[in-house]
Amino acid sequence: MAVPTVSSARDRFSAIAGTCRVYERPVVRRSAVMVAECVGLAVLYYLMVTVSMRFRFAASGLSLIWPTNALLVSALALRPSRHWWMYLLSAYLAHIAGMSPYHLGVPWLTFQMFFNAAQAAVCALLLTRFRPMAFSFDTVPEVFLFLVVSFVGPAVMNLVAMYPVVRFSSNAPLLTHNWYAGIVSMWLAGWMNNTASLVTFAPTLLLVATRGRSWSRDVPWRRLAAHGLVAFVFGACTFLVYRDVYVAGGLQQALYLVPILLLLGIVLRYGPIGTCLAITVLVCCSAWGAYASNGPFVQYGAIERATVIQISWIMMAAPMLMLAAVVRERTVATLASSESEVRFRQLFEQATIGVVIETLEGCVRHVNPAFCRLCGYSERELRQLTWPRFSSQFGMADYNLERRLLNELVDGRGASYQLERRFQRKDGTAGWVSVRVSLLKQARDAAPMVIRLLEDVTDHKSATEALDRAHAELRKLPPRLLQAQEDERRRIARELHDDVNQRLALLTVGIDQLSYGPYELERDVREQLNDLSRESKEIASTVHALSYELHSPRLEHLDLPTVARGYCQETASKHHIQIECSVDGVVPPVPYEISLCLYRILQEALRNAVKHSGVERVVVQLSALPSEIALRVSDAGRGFNPDDARLARGLGLVSMRERVRMVGGVISITSTPAVGTTVLACIPLGSPLLGSLQPSSKF
């Protein structure tokens, strides 16, 4: 006895899973969906053909309704043009199958299908070309475009098809369709039939295809039940009126208007969706009544009645679709306006800044709670207090300024303005507000309103004023520090000159007296005393030079060029370098602050050149102009990166800049590695900042 293996079951499961995976591939899945759509289109097309041929009059091939054209237009408009041939092929096969019982012949059926396909393609191309999303029928332009295409497309295509029909068709099909009366009657009958099909059925098909799922998914079941009840009442009323009511004369003919009145109610209540469905129901019911020789227009013959009824459908459907679009646009606009008003009201009420809406004359119309909290008044009190009265509490200067700015705003010379101004609260305390004013446009003939946005900046203003005072005090600090530095330099220089240097001189004299006195000293001791004497003299000389470098009294007695030349000579002699010092022009007597500033800059520049440049030649140039005096110190040494110098901890460059700023001048320090450094200081002679530094007393 054979035992079933596990591998066979596993293989079958793998085969099934492989088939599912193949179907899950995007290309296969799209192909399967397209085939299903083509099959569904063919089935629906066949059913429509079958039902439409049931509504043809006896001994005639002319049907009252022919929704297959609308079905083709809807299918092509909703799918890419590269796939149209598949849908048209499936419709062609369904057309032959539906019309085969009537023995019209394959050539005539082929011509019919070719005409229907060409007409559907033209209409679909026009719809997708000019309005790709014109399938919601919610706006007037969309409905207008659809109606134009529904009228123009069939009119042109039927006019083009007249010649082959008359030229190549036999008399039997022409007599069947009542086309023996001439080419105009042929064109008019075909035009009305196709246009009526598009106007009455295409909107319903497009809306069901594009928005059908949302109806069942988004609408609650109770509302769906209410919609179904309305549809049942409308369908039953329409069927009864057009099926069972016929009166040759009298007021009872007004009953035919009852479905139209109900249709108007549906247009106003349900918009484009309900309108399209109601039009389709009314057309089907009236077609059934006309087929049974009931309803209006029974006094016409069978063939003429079809054209007249189709014209009545068109005249009823086109205005209803347009009215539904207008109602929909108004509804959307009203909802948007209501939502906008609610959002504005919430923003107005919940805003953290004060909002005031007033007329051009200053009458307050609306204020929000934030402004009431800001000023301490209630909304009722503010309505009685005009803005000019509220604005002029701190004098007329602020009021006149704001009035002038508002007039410029009204004249169109600006979109808005902003200013900071004082205000007074209800309790008498004062504060500052930032006011931004703009115009709020009203209706076309109404005057604009003024909207003011007010923010309390009292704390910010106080903090700003405190910060300004701190900055002012901070700006006064560097001059005080430099003044203290100069005073300390004077004190140290005085101590070195008057005390330390004098003691060193006495020490040197004492050593010399020991060395050259009438004492018997050994030779080594005498040489040591001589060395101590020389060392003390060098120390005294260094202390003397240091005291003059800390504070040179020559600035108080000599002019700046003389002092500069002397310092350059001393520096050159001390460090064994060449310093070229030149003076351009006649330097007038300058204030002590300028002399001291330029002297300190010269000291710092030469000190940096000697220490960092590595050159043996420095150029110093002092220039005098009628309104300013300039000092230029340059070398061709190593140079440096100014950005790196700013990050360094040294205070030399910083002190130079601060000294120049104190006397109202400008300084430029340019340096390039391996090229050199140039320091240029320019100081105006009439600066209002002079007077911060005072000369010291004499040694």
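**Cores, a surface patch and a buried serine**

Of the 699 residues of the protein, 40% count as buried. The model described here is a predicted one. Its secondary structure amounts to 21 helices and ten strands. Among contacts with a separation of 6 or more, 65% are between residues 24 or more positions apart. The surface exposed by the protein is about 39,400 Å², and carbon and sulfur atoms supply 61% of this area.

The interior may be considered next. In soluble globular proteins, nonpolar side chains tend to be buried together. In this model, the largest nonpolar core has 73 residues, and those with the most contacts inside it are Tyr45, Leu64, Ile65, Leu76, Ile279, Trp313 and Leu321. Two or more residues of this core come from each of helix 2, helix 3 (68-77), helix 4 (84-99), helix 5 (106-130), helix 6 (140-168), helix 8 (183-218), helix 10 (258-291) and helix 11 (302-350). Helix 11 gives the largest share, eleven residues. For one of the core residues, the surroundings can be given in detail: when residues up to four places away in sequence are not counted, Leu76 touches Trp84, Tyr87, Leu88, Ala120, Ala121 and Ala124. Separate from this core is a second one of 37 residues, which includes Cys568, Ala624, Val633 and Val660.

Nonpolar side chains are also found at the surface. Val35, Val39, Val43, Tyr46 and Leu47 form a nonpolar patch there, and their accessible area together is about 430 Å². One of these residues, Val43, lies in helix 2, which spans residues 26-54. Val43 counts as partly exposed because its relative accessibility is 46%, a value that falls between the 20% limit for buried residues and the 50% limit for exposed ones. Helix 2 thus appears in two settings, since it gives residues to the largest core and also holds Val43 of the surface patch.

A polar residue provides a further example of burial. Ser671 is placed in strand 9, residues 666-672. With a relative accessibility of 11%, Ser671 counts as buried, because the limit for that class is under 20%. Its neighbours, leaving aside those within four places in sequence, are Gly639, Phe640, Pro642, Gly676 and Thr677. With two of these residues the side chain of Ser671 pairs through polar atoms: it reaches the backbone oxygen of Gly676 at 3.4 Å, and it makes a polar contact with the side chain of Thr677 at 2.9 Å.

Note on methods:
Residues numbered from 1 in each chain as written. Predicted model: local features only at pLDDT ≥ 70, side-chain atom pairs only at ≥ 80, totals over all residues. Heavy atoms only, no water. Patch = residues over 30% accessible without salt bridge, like charges linked within 9 Å, V, L, I, M, F, W, Y side chains within 5 Å. Areas by Shrake-Rupley, 256 points an atom, 1.4 Å probe, with all protein chains shown as cover. Salt bridge = Lys/Arg side-chain N within 4 Å of Asp/Glu carboxyl O. Helix = DSSP H or I, 4+ residues; strand = E, 2+ residues; numbered from the N terminus. Buried < 20%, exposed > 50% of the residue type's maximum accessible area, 1.4 Å probe, protein only. Core = buried A, V, L, I, M, F, W, Y, C linked by side-chain atoms within 4.5 Å. Contact = heavy atoms within 4.5 Å. Polar contact = N/O pair within 3.5 Å; in protein donor to acceptor, adjacent residues only side chain to side chain.
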